[in-house]
Amino acid sequence: MVQILAFLCLLGSVLNAVPRNTVPSSEFQLDGDYLLGGLFNIHHISSPRLHRPEAINCTSHSLILSSYRRFQLMRFAVEEINNSTSLLPNVSLGYVLFDQCSDGHSFPSMFNLISVDGLIDPWGEPPKNLIGVIGSSTSPKTVSVAPLLMMDLIPMISFGASSSVFSEKKNYPSFLRTLPANKDVVEMFIRILKHFQWHWVAFLYGDDSYGSDARELFIRKIQDTDICLAYTKGLDHQTDYPRIFRQINTLRVHVIIVFATEWTAEVLVGSAIQQNVTNKVWLASDAWSLNRKLHQTKGIRNVGTVLGAAAPAVTIPGFSDFVHSAKAAALCENAEQETFCNQVFNCSGLSAADVTDADPSFSFPVYAAVYAIAHALHNTLQCGAGRCNDKMTVNPHMVLAELKKSNFTLFNQTIHFDENGDPNYGLYIIIFWNHNGDVQEVGYYEFYPPFHLVINSTEIQWHTNGKVPTSVCSQECPVGYKKKPEGIHRCCFTCEICQNGTFINITEDPYTCVSCTDAEWSADGSTSCSLRVVEFVPFTDAGAVVIMVAAWTLVGLNLAVSVLFAINVNTPVVRSAGGPMCFLILICLTLSSLSVYFYFGQPTAISCVLRFLPFLLFYIVCLACFVVRSFQIVCIFKIAAKLPNLYSWWMKYHGQWLVITVSFAIQALLLLIGYSYDPPKPFNETFWHRDKIVLGCDINLKATSTSVIFLLSLCFLCFIFSYMGKDLPKNYNEAKSITFCLLLFILTWIAFATVYLLYNGTYIQTLNALAILCSLYSFLMWYFIPKCLIIIFQPQRNTQQYFQGLIQSYTKTISH
C-alpha cells in the first residue's frame, strides 16, 4: 500500500495541474480567482534523512499543534479577505495547502503547485492564477523548496524562516518574510547578555540552516565584546545530551543559549531534566520560547531559569469563532478525501479549544503574510471604488513588485519590508517561565531604531534566590588590576596589579597598564595618574639666601684682603704669600663664586652651563697658583741648594706664570671641547621621587671628565708639594696653610659625594652650592686671613729682619 501511495504522489507531481478544490470539504483547498500556496509542518518527522527517494505519509508522524493553529489561521485570513468589501472587492482568493512534514521530502507538493498542464518548464509560463506562497515554517524546509519558486519570481513570504541566507536577493529574489531575521534576534540576545553581564556562555543550536546560521552570526557579533563562547554544539537525532551537559558543567557555564526548533528543544530540555541539570539560565529563541508543552513539563523548574524572546501575542478578532465553526462543521479529512500527497489530517481527536490554546508563536506573521499578498494583489489589479480590474493578466512578478512597496496597517502595526525583503517593523517581548507554569512578560526589545531593550529584572524569579546569576570564566579583577589572558578565551584571565608609574583604564583596555607621562605619577593599582609636584630651590629659599649672602660676604672679604695687600704689597708677609699672585688668586676666587648663584631658581640652558663653568675655569687658576707657590717654597728651602740650575732657570723664565697660563689654557680648551660635545642642560629628575619632579641639570660625565680630572690632578700635585714643606719654620707656614686648605677642599667634596649618593632630593643643589662656597672659603680663611691678622695685629712679624732670621736659623739647622 505504501509503494502504491508513493507512486501516486510522484505521478501526481508530473501529471496533475494545480488542484481546483475537487473535494469541497477539504481544509487544504479552496477555489478562488487567484490562488495562494501554503506550506505548514503540521506533522514532524524526527527520523534522519533517507538516502533514496521515498514518499512520506505525514499523518503517521507526531502532530505539531502550534503549526496546525497557524494552518487554520491562514484559512481564516483568506476567508476574512474574501468577505471584505474594501480589500479585493469582487475578487476571491483560494488556496492550496500542504503538510510539509519533512525537510527533504517536500518536492511532490511543490512540483504539483508549480506545474502547468502537468509539466514544469523553468522558461515557460508560471502556474496560472498562483500569485504567491505562504511558508515554509522553518529555514531548512524553506531552503529545500524556495529555489523552485525563485526561478519564476513567485513571491514566497515565510512566517518562520529566519536564516540570514534568505536576505541575499541574488539567490532569493522573490523571498520575503514577516518575522525578524536571525541577525536581529542574535543581536537582541547579545544585548540581553550584556544587560545581565553574562560573559561565559554556551550556544546550542539545531544542526540545520536555522541553527548554524544563528551560531555563525553569534560568533561574528561577539568578537569585539566581552562575551566569550565557552561551548557550542549542534543538535540532531544522534546527539549525546548527557555528554553535552557534562562538558558544560566542567566549563562552569551557567548560561545556555538554545537556537533550535521546538521539537529539538523538547528533547534537549527533557534530557536536562532527566540528567538533573540545575542552576542554569536558558535563553530560548522565538522558535520554542512559547512552547506550552515544555513550560508545563514536570521538573522544568529544576533546570534553572528560562528566559526567551517571542513576538507579542496579538488577538485576532474572529479567529476563535472561525475555529469553533470549522470544528462544528467537522472538516476533518480521511484517506478518501485526500486529493494529493500530504493534504489530509485526521483531526477527530482535537477540540476547538486545543487549537486556540496552542502555542501562538508566529501567528501574526502568518496573518500578516496573507494580508501582504492580498494588498499587493489589490494594488496590482488597480482596485478602487468597490471593484477591481478583472481584465488584467496578473503574473507573480507583478505581485512581487507591489509586495516590495507594501505599506499598510494591520492591528496598529505598519507592515512594510526593506530592500532585502525583511520586515522593517516590530518588536519582541522578553518572557520568563514563572513557577506557576505560565509565560510572563518581563520586557521588550525594539528591532529597529532606536533598538531599545527594556527588562524588569525584579519580576524574574531567579533560581539563585532572587539574585541575578553570574556566568563568567574568571571573576572581574579588583580596581587597579589588569587582565592577563589565559588560554584562547579573553574571558579567562588572571589579575596583575599595575605597578607604580602606570594605571589601568578598563573602559578602553583592561589588558594593559598604561604608563604615566614624565609629568605624572601613580601608586600601585592606580586607575589614573596625578600630576607630579615640580620642585627646585627658589631664590627666596632660606638656604639659598644664606648661601648667596655668604657668597657676597666672600666677595667683600676678597675685596678687603685685596685692599689690605695692596697697601702692604712690599711687606715680607705679602711677598711670601705670593705677591702679585695673591691678587690673581683673590680675583679668581671671586669669579669662581659666580657659580653659586646659578644653583637657585628654575634651571635653564644658560644657568646649567654657568653652574659649573666659572668654578671649573677659575678655580683651576687658584690651584695652579698654589701649585707654583708650593713648588717655590720647596724649591727655595730644599731644591735650590741641590739643584741650582733648575732654580736659576725657574727664576729666569718666570716659571710660575708659565705654569699658571698653561693650566688656564688647558682647562679652557678642555671645557670648550666638552661643552661643545654635550653641554649641561636642564633635566627633570623623576626616578628617585615618583610623586614629584626635581628640576636640575644633566651633566655628561664623559664630556666634563677631562676638565675635572685635570683639576683633581693639580689639586693632588699641589697637595704633594705643600706636604713636602710641612717641616718648614713654624712661623713660615705658607706650605702648612696650603696643605690644610687642600685637605679641607678634599674633605668637602668627599662629604658632598657621599651625600649625593644617599640623597637625591631638591636640596642637593643647595648642598652643591655650599660645597663650592666651602672650597672658596677654605683658601680665603686658612691662607689669606691669617696673613691679614699678622699685618694688622702683629706688625713686628712683618719685617725683613724677622723673615731673614727665620731663614738663617732653618738653613743652619738643615746644614747640621
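Here are a few worked exercises on this predicted model.

**Exercise 1. Find how many cavities of 30 Å³ or more there are, and work out what lines the largest cavity.**

Step 1. Start with the count: seven cavities reach 30 Å³ or more.

Step 2. Go to the largest cavity, which holds about 190 Å³ of space. It is lined by 18 residues, and Ser137, Thr138, Thr261, Ala287 and Phe362 are the closest to its centre.

Step 3. Now place the lining on the fold. Helices α2 (65–82), α4 (139–150) and α8 (262–274) each put at least two residues into it.

Step 4. Sort the lining by class: you get seven nonpolar, eight polar and three charged residues.

**Exercise 2. Describe the largest pocket: its volume, its lining and the elements behind that lining.**

Step 1. The largest pocket takes in about 1200 Å³ of space. Its lining has 36 residues, with Phe612, Ile699, Phe752, Tyr756 and Asn768 closest to the centre.

Step 2. Look for elements that give two or more residues. They are α17 (605–642), β26 (681–685), β27 (692–698), α20 (701–724), α21 and α22.

Step 3. By class, the pocket lining splits into 26 nonpolar, seven polar and three charged residues.

**Exercise 3. Track down the nonpolar surface patch and say which element gives the most to it.**

Step 1. List the members: Val755, Tyr756, Leu757, Leu758, Tyr759, Tyr763, Leu767 and Leu770. Together they have about 780 Å² of accessible area.

Step 2. Assign them to elements. Both α21 (734–758) and α22 (764–793) supply at least two residues, and α21 gives the most, with four.

Step 3. Check one member in the connection: Tyr763 sits in the loop between α21 and α22. Its relative accessibility is 42%, so it counts as partly exposed.

Step 4. Link back to Exercise 2. Tyr756 belongs to the patch and is also one of the residues closest to the centre of the largest pocket.

**Exercise 4. Decide whether the partners in the salt bridges of Arg75, Lys483 and Lys681 are buried or partly exposed.**

Step 1. For context, the whole structure has 14 salt bridges.

Step 2. Take Arg75 and Glu27, whose closest N and O atoms are 3.8 Å apart. Arg75 is in helix α2, while Glu27 is in the loop between α1 (2–15) and β1 (29–30), so the pair links distant parts of the chain, 48 residues apart. Buried means under 20% relative accessible area. Arg75 is therefore buried at 7%, and Glu27 is buried as well, at 2%.

Step 3. Next come Lys483 and Glu476, with closest N and O atoms 3.4 Å apart. Here the verdict is split: Lys483 is buried at 11%, whereas Glu476 is partly exposed at 47%.

Step 4. Finish with Lys681 and Asp698, at 4.0 Å between the closest N and O atoms. Lys681 is in strand β26 and Asp698 in strand β27, so this bridge ties together parts 17 residues apart in sequence. Lys681 is partly exposed at 35%, and Asp698 is partly exposed at 32%.

Step 5. One more thing to look up: Glu187, Arg191 and Lys221 are joined into one network by salt bridges that share partners.

**Exercise 5. Place Phe159 in the fold and say how far its C-alpha is from that of Thr178.**

Step 1. Phe159 lies in the loop between β7 (156–158) and β8 (175–177).

Step 2. With 1% relative accessibility, Phe159 counts as buried.

Step 3. Phe159 and Thr178 are 19 residues apart in sequence, yet 5.4 Å apart in space, C-alpha to C-alpha.

Key. Residues are numbered from 1 along each chain as its sequence is written. This is a predicted model: local features need pLDDT of at least 70, side-chain atom pairs count only at pLDDT 80 or more; totals for chains, interfaces and linings use all residues. Side-chain values use heavy atoms; hydrogens and water are left out. On a 1 Å grid over the protein atoms alone, a cavity is a set of points where a 1.4 Å probe fits but cannot get out, and a pocket is an open set with protein on both sides within 12 Å along at least five of seven lines; lining residues have an atom within 4 Å of a point. Grid points are joined across faces, edges and corners, and a volume is the space filled by probe spheres set on the points. Ala, Val, Leu, Ile, Met, Phe, Trp, Tyr, Cys and Pro count as nonpolar, Asp, Glu, Lys and Arg as charged, and the others, Gly among them, as polar. Patches are made of residues with over 30% relative accessible area and no salt bridge: like charges are joined within 9 Å, nonpolar side chains (Val, Leu, Ile, Met, Phe, Trp, Tyr) within 5 Å. Accessible areas come from the Shrake-Rupley method with a 1.4 Å probe; for residues, only the protein chains shown count as cover. A salt bridge is a side-chain nitrogen of Lys or Arg within 4 Å of a carboxyl oxygen of Asp or Glu. Buried means under 20% relative accessible area, exposed over 50%, partly exposed in between (1.4 Å probe, protein chains only).
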